[in-house]
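Me: I would like to go through this structure term by term. Please justify each label as we go.

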Amino acid sequence: MTEYKPQELDRKWQQRWTAERAFEVVVDDARPKFYCLEMFAYPSGHAHVGHVRNYIIGDICARMKRMRGYNVLHPFGWDAFGLPAENAAIKTGTHPEVSTFGNINHMKGQLQRLGISYAWEREIATCTPEYYKFNQWIFLKMYERGLAYRKRSTINWCPVDNTVLANEQVVDGACWRCGTTVVQRDLEQWSFRITAYAEELLKGLETLTEWPEKVVVMQRNWIGRSDGARLTFPVAGADLGIEIFTTRIDTIYGATFVLLAPEHAMVERFAAESADPDAFRARVQQFRALDREARLTGAIEKEGFDTGRRAINPFTGEEVPIWVANFVLADYGTGAIMAVPAHDQRDFEFARKYNLPIRIVVRAEGDTRSAEELVEAAAGAGRLVDSGEYTGSDTPAVITRMIADAERRGIGRGEVNYRLKDWGISRQRYWGTPIPMIYCEKDGIVPVPYDQLPVELPKVAQFTGRGDSPLAQVPEFVNCTCPTCGGPARRETDTMDTFVDSSWYFLRFCDPTNTELPFDPAAGKYWMPVDFYSGGVEHAILHLLYSRFFTRVLRDVGLLDFDEPFKRLLTQGMVLKDGAVMSKSKGNVVDPDTMLEKYGADALRLYVMFVAPPEKEVEWSDAGLEGSFRFLLRVWRLVDHWAETVAGDGIPACGPDCTDAERAVRRKTHETIRRATVDIEERMNLNTAISSLMELVNELYAFSATTPHGGPSRETPVGAVERVQTLSVMREALDALVIMISPFAPHTAEELWQMLGHAEGLTRAPWPTFDADVAKADEVVVPVQVNGKVRARITVPADLAEEALRERVLADASLQPHIAGKTIRKVVVAKGPLVSVVVS
RNA sequence: GCCGGGGUGGCGAAACUGGCAGACGCAUCGGACUUAAAAUCCGAAGGCCCGGAAGGGCCGUGCGGGUUCGAUCCCCGCCCCCGGCACCA
């Protein structure tokens, strides 16, 4: 018997694949393409089995599709910019570039040792000028289209380190490094106008039929469309109007006050016009400060104060007080609302707290409570009361009518609002893509001309973690000439959010070396969209939404001719150890290399796919890995036992003269082909695909034991001679088994494939085809239920007619005790087949 | 609070969405091989009860109802767990 040495096989076949460039691909219009992609990796240094699970899932898919005849693009790359490398530089002084490429190098080795079939010649790293040049290119296209613009927004600022902090650098409201309480600061920053595509991004979700429902719902909620109306409440005694947004115009007769966000523009005006402006402003400031602190710790108490001004309800003509309230959001809707305490829980709490009037104007059927009796707002639909001409109308319908009336009277209009906000992309960091903009005293904001891209990161920079943007401290970078007037100018010193990098990298893989464009549109047209995309749920919203946004922008720029980048999405579950997510800080990581040394890549791959379906979380188990290794050994012994006899020439294809046992083996073989193919290709239930292969192996062991060769655990007796049909059947079974196991255990399978006498490698061997005739059984066991309980099983010819089956069932001896002397009410023959008898 | 997804043997799971619940594996136990052990091969195994045994009976997919010849699957009402959003007017 040949010994199974997985580590040697790993090396041998990995070298072979590399030498043969087995996974490289070019555009080929003659073959159907398949783009299989796993979310690229942040090069943190070491991949643990949790990360690696995702790459294995993608690899099973890629390898299988190759054998199914597809031209498979399966690339990999690195999401290489980011804060951790810069933080490390601040701590250790190592330049981010050095640590990043060191990490990439190590992780690439890990993936190669796992035998993941990547087209490595297409590898990209987002931190290279060749890549980020096109971040800048896309930015400029956005700028031209008005999709990139400057706006004031709030950032976290550490007053001691004098630096901007990312949200994850703020721990319990304090700076991660020095512990100082973080303050908010307003900065001019670049934003992408993703809201311009809000409706399209929402609509597009309906076409994503191969995405997990969960992710679609999360995106839908994130975009948060809400249909309502914008109405103007004139300010009493002033030539002013407060615009409010409401989804419940039907409750307007119950609007007993108006609320402004503390940041609302009119607040400052009211302050200035008030008797004591300073006191007024102090109160507003107090809210803003309280608000911020409370947000950091959790729930905030609703608070507000009366501005002393009054607004006129445009429907009732009634004057109502205008208050400032801390819970009104400045950046949603208009930053002002009409408060209807009877029918909105927040307004209700506010009104009770400050003794503001509560007026019921919508009643659910049978509800006769007075406003004083309410213990919470009645937020549901109902019939309007005390609502002038609208009294007696019902909630959903009356909204349309009231909006139309408002429009006619020029006091408002229907409006759609989105929760989705524009995407602030400026980061005051070094390790990212420089934003290609120039500030000139004379010409203002000037984009860097395309022929001057990329704006490269200066190699030298101080990583102190203090002060403004690190790039602002590099004069050679900052000082430049204005492209328009040639005079002295300053560069933008902020870099881009790394989500920009990952919003189009899948397009770059189509044409990774293009120096003129992000990618050749023809290559994009051939390879895109990504047919199968897998990665963690943590990217369910941002990364996937931004990618969908970029795809549409690039479509409008003329580079693409479709809307959605990812056809099928799989969100893989995490791997837990001791019930917790693996992380370096918890010290519970399982290092794939350790497992490789012990069992080889294939056992690890197989185990991780076998424990549970890919979407599910799994708990790591050494014993489980051991079990998968045992299964591979079992396969190895089986093939090794038969290889020599079965590999020879002159063995005919399986013919009609098989014994029952041989036919049973063929049946199992084809049934396994059917199940494994569907499980891998359609259902992505990789665990059940493996279990069906295990069943086949078990059956082949049992069959072997009945042949002159004997079972695989024994030496083949000298002079054992098999029926030629046995050899045909075994050859068919073993070939199919080895091919089908190869996506999971490619190294072992290649070796076995060679042992079975195949000269060509396995990576593009044709996937076996299912033959329904072979798989069909001649006899079937039919369970028979009496009043819902299985009372007998009868064996009948598979093609027995339904009528004959009924007769056989009712005549069956083992059933008699259950039906004798009773009246047969019904006999149901169900598919399966299964017979259900109803007696009484 | 709202929105998703789940609760199946000792454990991971399966049942291809209304048709034999627990495939496949892990752990366990028994047998074979071995001087012995490991490895390997073969076998047992949801719970309770009857039987010496072969075998048989009842219960069983979080809980309570319903629809159906038949429910892990569909419907109604609860309980628990895991994710996401969280004053979005």
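Me: What makes residues in the lining of the largest cavity nonpolar, polar or charged, and how do they divide?
Reply: This is a predicted model. The lining divides into 3 nonpolar, 7 polar and 4 charged residues. Among the residues nearest the centre of the largest cavity are Glu86, Gly465, Arg466, Asp468 and Pro470. Glu, Arg and Asp count as charged, Gly as polar and Pro as nonpolar.

Me: Why is this space called a cavity, and what is its volume?
Reply: A 1.4 Å probe fits there but cannot get out, so the term applies. The largest cavity holds about 90 Å³ of space. The structure has 4 cavities of 30 Å³ or more.

Me: Which residues line the second largest cavity?
Reply: They are Trp17, Arg63, Met67, Ser742, Pro746, Glu750, Leu762 and Thr763. Helix H2 (49–67) and helix H23 (746–755) each give two or more of them. The space is about 50 Å³.

Me: What makes the approach of lysine 616 to RNA strand B a polar contact?
Reply: A side-chain N or O atom of lysine 616 is 3.0 Å from a phosphate oxygen of the strand. The cut-off is 3.5 Å, so the pair counts as a polar contact.

Me: How do you know that lysine 789 makes one too?
Reply: Its polar side-chain atom lies 3.3 Å from a phosphate oxygen of RNA strand B. That is within 3.5 Å, so the label holds.

Me: What does leucine 329 contribute at RNA strand B?
Reply: A polar backbone atom of leucine 329 is 2.5 Å from a base nitrogen of the strand.

Technical notes: Residues are numbered from 1 along each chain as its sequence is written. Chains are lettered from A and ligands numbered from 1 in the order in which they are written. This is a predicted model: local features need pLDDT of at least 70, side-chain atom pairs count only at pLDDT 80 or more; totals for chains, interfaces and linings use all residues. Side-chain values use heavy atoms; hydrogens and water are left out. A polar contact is a pair of N or O atoms within 3.5 Å; within protein, one must be able to donate a hydrogen and the other to accept it, and residues adjacent in sequence count only if both atoms are side-chain atoms. On a 1 Å grid over the protein atoms alone, a cavity is a set of points where a 1.4 Å probe fits but cannot get out, and a pocket is an open set with protein on both sides within 12 Å along at least five of seven lines; lining residues have an atom within 4 Å of a point. Grid points are joined across faces, edges and corners, and a volume is the space filled by probe spheres set on the points. Helices (H or I, at least four residues) and strands (E, at least two) are DSSP runs, numbered from the N terminus.
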